Amino acid sequence: MTANSASLETQRRVTATATAPLVPDDRYGAPTPGFTWTPLDFDKRAGEGLFLLRFAPGARSVPHEHTHGESFLILDGELIDSDGKVFRVGDFVRYEPGSRHWSVAPEGCLIAVFLRGYNRRLEEGESEG
């Protein structure tokens, strides 16, 4: 082992995603029913980074606006967007800042998410589209 590799070893963080615990999704304060997550490289203060998110069967996100953009990759299951679009395993989705929607996973799903800043929950009566 060289001095450089010893230094790299102290700077590297490895997470075994197959065994990483999924905990209640509390990114917005109280846990969101039906959602669990594993932060992989996520700055909770800034609301940005990479994480795994599991939708339990029937779980539905709250209507929200992407204030800074978001990208995700479907790893398992299917996710149906508020406009009826179905995302399947292998689909990569990018929401531009200002986009509004909600999603549901009738059978459950697992997604890898890169968030660029916390989303804004839409108020009652605010349009999703």
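Me: Which residues sit together with W37 in one aromatic cluster?
Reply: W37 shares one aromatic cluster with F42, F51 and Y118. Keep in mind that this is a predicted model.

Me: OK, and how many aromatic pairs are there in the whole structure?
Reply: A search of the whole structure turns up 7 aromatic pairs. One of them is W37 with F42, an edge-to-face pair with 5.2 Å centre to centre and 90° between the planes.

Me: Is W37 buried or exposed?
Reply: W37 counts as buried because its relative accessibility is 3%, and buried means under 20%. F42 is buried too, with a relative accessible area of 15%.

Me: What about F72 and F87, how are they arranged?
Reply: They form an edge-to-face pair, 6.0 Å centre to centre with 85° between the planes. F72 lies in strand β6 and F87 in strand β8, so the pair ties together parts 15 residues apart in sequence. Both F72 and F87 are buried.

Me: Switching topic: what does the side chain of H101 make polar contacts with?
Reply: The H101 side chain has a polar contact with the side chain of H66 at 2.9 Å, and another with the side chain of S103 at 3.4 Å. H101 is in strand β10, and at 4% relative accessibility H101 counts as buried.

Me: Which ring does the charged end of R60 sit over?
Reply: That's the ring of W102, with the charged end 3.7 Å from the ring centre.

Me: Zooming out, how many helices and strands does the protein have?
Reply: There is 1 helix, plus 13 strands. Reading along the sequence, the helix comes before the strands. Of the protein's 129 residues, 36% count as buried.

Technical notes
Residues numbered from 1 in each chain as written. Predicted model: local features only at pLDDT ≥ 70, side-chain atom pairs only at ≥ 80, totals over all residues. Heavy atoms only, no water. Helix = DSSP H or I, 4+ residues; strand = E, 2+ residues; numbered from the N terminus. Buried < 20%, exposed > 50% of the residue type's maximum accessible area, 1.4 Å probe, protein only. Polar contact = N/O pair within 3.5 Å; in protein donor to acceptor, adjacent residues only side chain to side chain. Phe/Tyr/Trp six-rings, centres within 6.5 Å; stacked < 30°, edge-to-face > 60°. Lys NZ or Arg CZ within 6 Å of the ring centre and 35° of its normal.
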